[in-house]
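Q: Please take a close look at a single helix in this structure. I should like to understand its length, its course and its surroundings.

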Amino acid sequence: MNRIALISVLLCSVLQPCVAHQKAENAPCAEHIINPSLTDALNDALGVYHELRYLVLADTLKTDAVQHATEMIRPHCIRLAQLPPDTRQNVIMLADAVLWQGQWMEAVYAGECGIDFEAPELDEGFETLVLLSNEIQCILVGTDTPPELRQAVLQLLELLGGETALQRPAQLLQQRWAKDYKTALEFFKAFCAAASRENEQASIDALRELHHSLQYFKTSGNWEMLRLNTLAEYFRLTLIYIGLYEHPFGSPILPAERCTPRRMHALAPFFESLPGLQKLLQTSLEYLHK
């Protein structure tokens with residue numbers, strides 16, 4: 001399994017609902033609180049994606065694999081179906097955004113650190129689902145398709161919304177969210193550099209300069225804040241795979257001896273708005289041995 005594949009699996013397993021103050025989904029953007037229910041929904045969408053991704057990675061679709069994927073995604077699909085249509089659409093778009101933007105971020109930052117980035121097995125997100133849709137279409141129209149495989153595929157499609165679902169990935173690819181992903185990477189790098197400075201005052205001053213970036217992201221609302229918070233986890237896992245001697249930050253990025261009251265006070269606004277940043281600063285190569 002290559003780095004991006006393992007990062008995707010780890011991301012799906014470690015993303016947890018935010019424990020910050022709960023707010024209604026339609027709360028004013030000024031609250032800047034990531035709604036835990038949206039995080040849960042995003043986890044469901046990513047759970048569906050990763051199971052379908054395994055099908056694409058297989059040489060050929062087999063009946064037992066399709067049946068297994070169907071049962072694995074069933075609880076996720078049931079919960080997603082209960083969402084209002086607009087919310088469900090946004091969750092699907094957000095899942096695609098963090099998948100391909102996370103892949104892009106790893107490749108770009110690895111290159112900046114002088115690491116040759118291996119070509120990914122798949123282009124993450126809707127491109128992967130387009131490949132699966134094409135393969136399923138071939139199975140359904142094929143005259144030599146085993147009946148049990150055809151039936152398994154139809155059951156999978158029924159769970160995903162019927163045969164019309166085969167056209168959705170290509171359609172949604174044309175509407176892909178592609179806002180501020182480069183800005184997000186620059187923000188993460190600057191944030192880690194600022195927080196990890198040895199001199200306390202220099203760290204506080206650098207964090208103060210980043211407040212305008214944080215305010216900029218806040219103005220984009222709940223969905224963009226959730227995207228940024230999720231990408232923070234991708235960046236954290238990227239740093240783990242790049243390693244201590246390749247990226248310019250320490251391990252952990254913010255060691256205990258630098259967690260002074262003044263520095264933590266300067267960090268508080270960032271943690272309150274984007275809880276993933278706190279976990280990012282705790283990144284350590286020791287994670288690999290746990």
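A: The following account considers helix α12 and then the core and the pocket of this predicted model.

Helix α12 comprises the 13 residues 261-273. At 1.5 Å a residue, these residues should span 18 Å, and because the end C-alpha atoms of α12 are 19 Å apart, the expected span and the model agree. The course of the helix includes a bend of about 40° at leucine 267. A proline, proline 269, follows leucine 267 within four residues.

Several residues of α12 are buried, namely Arg263, Ala266, Leu267, Phe270, Phe271 and Ser273. These buried residues pack against α8 (181-195), α9 (200-209), α10 (211-218), α11 (222-242) and α13 (276-281).

One residue in α13 shows part of this packing in detail. Leaving aside its neighbours within four places in sequence, leucine 277 is in contact with Phe270 and Phe271, and also with Phe187, Phe188, Phe191, Asn229 and Ala232. Leu277 also belongs to the largest nonpolar core, which has 77 residues. Within that core, the residues with the most contacts are Leu277, Ile136, Phe187, Phe188, Phe191 and Phe235.

The largest pocket may be described for comparison. Its volume is about 730 Å³, and 30 residues line it. Nearest the centre of this pocket lie Val48, Ile92, Leu129, Leu160 and Ala165. Helices that each supply at least two residues of the lining are α2 (36-57), α3 (63-81), α4 (85-112), α5 (126-141), α6 (147-160) and α7 (168-173). The most is given by α4, with 7 residues.

Note on methods. Residues numbered from 1 in each chain as written. Predicted model: local features only at pLDDT ≥ 70, side-chain atom pairs only at ≥ 80, totals over all residues. Heavy atoms only, no water. Core = buried A, V, L, I, M, F, W, Y, C linked by side-chain atoms within 4.5 Å. Buried < 20%, exposed > 50% of the residue type's maximum accessible area, 1.4 Å probe, protein only. Contact = heavy atoms within 4.5 Å. Expected span 1.5 Å × (residues − 1). Bend = angle between axes of the 7 residues up to and from the residue. 1 Å grid on protein atoms, 1.4 Å probe; cavity = no way out; pocket = protein on both sides within 12 Å on 5 of 7 lines; lining within 4 Å. Points joined across faces, edges and corners; volume = space filled by probe spheres on them.
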